[in-house]
Amino acid sequence: MSELPDDIQRALAELPREREPDPALEDRVVRAVLGRRRRWMWVGAAAAAAALLVMTHPWSPARATGQTYVLLLSPGSAYLTPPQGHLEERRAEYARWADSLARIGKLDVEGHLEPPGNVVDGLFIIRAANDSDAARIAATCPHIKYRGHIEVRRFIE
Amino acid sequence: MTGGEDAFRTLYRAHTPALYAMALRLTGSDQNEAEDLVQETWVRATRKMSAFRGESALRTWLCGVLVNVRRERLRSAWRMVDAVDIELASPPRDDAAFDLERAIAALPDGARDVFVLHDVYGYVHREIAEMLGVVEGTSKSQLARARTLLRKALSPDEARP
């Protein structure tokens with residue numbers, strides 16, 4: 001195959017590999033990725049972003065020990081919604097659970113979302129030794145007590 | 001800001017400059033189209049998260065998503081085989097810093113995509129064929145065509161009979 005002259009090859013090698021786009025693009029992309037009307041797409045996109053960050057970040061503890069799992073919380077049909085005016089109390093209960101995981105080094109990312117209704121949903125990225133450990137941790141979440149649904153996804157690194 | 005949004009913005013800032021540079025080259029320096037490509041790439045990437053297995057660097061995977069998005073957007077106008085060669089404008093030879101970017105931008109779409117992926121980003125023909133949905137022979141012929149057009153544009157004296 002015909003080659004390029006040396007001067008063109010050198011110029012090609014020196015082309016910048018990165019270019020900064022218009023700063024306004026960032027908010028546009030964030031809105032496109034995370035600001036969707038359907039909240040479960042919101043959850044999925046946020047989970048994906050958070051998980052990608054955890055998987056690829058150099059300080060990712062998942063690279064050192066255990067594996068990374070994402071817990072996606074959805075209400076499901078049987079979810080027991082909090083009584084009127086008690087949503088914050090319910091959220092605080094979930095936060096305490098997340099804090100308890102963080103204290104033992106099991107929590108990587110806590111992603112609280114703001115749903116339009118009066119249910120609690122969100123995502124958590126945890127570290128667990130294996131699938132069983134992840135399921136065991138998920139089962140301790142208050143979401144289960146309120147008959148919510150938790151999807152546990154393991155990420156392969 | 002939520003944990004998810006915060007995480008996404010960190011990812012965005014780490015990888016978007018590389019994606020944008022590639023998008024600019026693939027689109028012939030069309031800034032609006034390049035921004036749209038980057039946006040759609042992130043939307044697809046977050047949706048297709050489960051397809052990323054960590055077998056390649058995240059940036060390589062994102063670049064593959066970007067190329068696929070580009071391919072889909074071009075599908076109606078995709079001409080890998082029978083594109084009509086266009087005559088490249090020859091920059092003045094005494095211009096010491098000849099505009100390589102401009103010459104790349106002036107290449108026909110199919111030839112430019114292969115050239116950018118192969119000669120700028122170092123993908124091999126097998127990978128390019130897979131990314132663009134063509135056979136390897138097409139990738140090789142488009143690369144040869146792109147190089148011929150570039151030589152003609154950047155070294156007009158040499159191209160002259």
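Helices (H or I, at least four residues) and strands (E, at least two) are DSSP runs, numbered from the N terminus. The model is predicted: local features need pLDDT of at least 70, side-chain atom pairs count only at pLDDT 80 or more, and totals for chains, interfaces and linings use all residues. Residues are numbered from 1 along each chain as its sequence is written, chains are lettered from A and ligands numbered from 1 in the order in which they are written, and side-chain values use heavy atoms, with hydrogens and water left out.

**View 1. Chain A has 6 helices and 4 strands.** From the N terminus on, the order of elements in chain A is α-α-α-β-α-β-β-α-α-β. Chain A has 157 residues, of which 47% are buried; buried means under 20% relative accessible area, exposed over 50%, and partly exposed in between (1.4 Å probe, protein chains only). A contact means heavy atoms within 4.5 Å. Among the contacts in chain A with a separation of 6 or more, 67% are between residues 24 or more positions apart. The area that chain A exposes is about 8200 Å², and carbon and sulfur atoms supply 51% of it. Accessible areas come from the Shrake-Rupley method with a 1.4 Å probe; for residues, only the protein chains shown count as cover.

**View 2. Helix H1 (residues 6–14) of chain A has buried residues A:Ile8, A:Ala11 and A:Leu12.** These residues cover an arc of only 100° around the axis, which puts them on the same side of H1(A). The arc is that of the directions from the helix axis to the C-beta atoms. A:Asp6, A:Arg10, A:Ala13 and A:Glu14 are exposed on the other side of H1(A). The cover over the buried residues of H1(A) includes three elements of chain B: helix H4 (100–105), helix H5 (109–120) and helix H7 (136–154).

**View 3. B:Arg9 and A:Asp27 form a salt bridge, with their closest N and O atoms 2.9 Å apart.** This pair crosses between chains, with B:Arg9 in helix H1 (residues 3–26) of chain B and A:Asp27 in helix H2 (residues 24–34) of chain A. A salt bridge is a side-chain nitrogen of Lys or Arg within 4 Å of a carboxyl oxygen of Asp or Glu. Side chains of opposite charge can pair when their charged atoms come close. B:Arg9 is buried at 11% relative accessible area, whereas A:Asp27 is partly exposed at 39%. Over all chains, the structure holds 18 salt bridges.

**View 4. Salt bridges link helices H2 and H3 of chain B.** B:Glu33 and B:Arg73 form a salt bridge, the closest N and O atoms being 2.9 Å apart. The two residues are 40 residues apart, B:Glu33 in helix H2 (residues 31–47) and B:Arg73 in helix H3 (residues 58–74) of chain B. B:Arg73 is partly exposed, with a relative accessibility of 39%. A salt bridge also joins B:Glu72 and B:Arg44 (2.9 Å, N to O). B:Glu72 lies in helix H3 and B:Arg44 in helix H2 of chain B, so this pair ties together parts 28 residues apart in sequence. B:Glu72 is partly exposed at 38% relative accessibility. Salt bridges that share partners join A:Arg28, B:Glu33, B:Glu35, B:Asp36 and B:Arg73 into one network.

**View 5. A:Cys141 is buried at 2% relative accessibility.** B:Cys63 is buried, at 8% relative accessible area. Over all chains, the search finds 0 disulfides, a disulfide being a pair of cysteine sulfur atoms within 2.5 Å.
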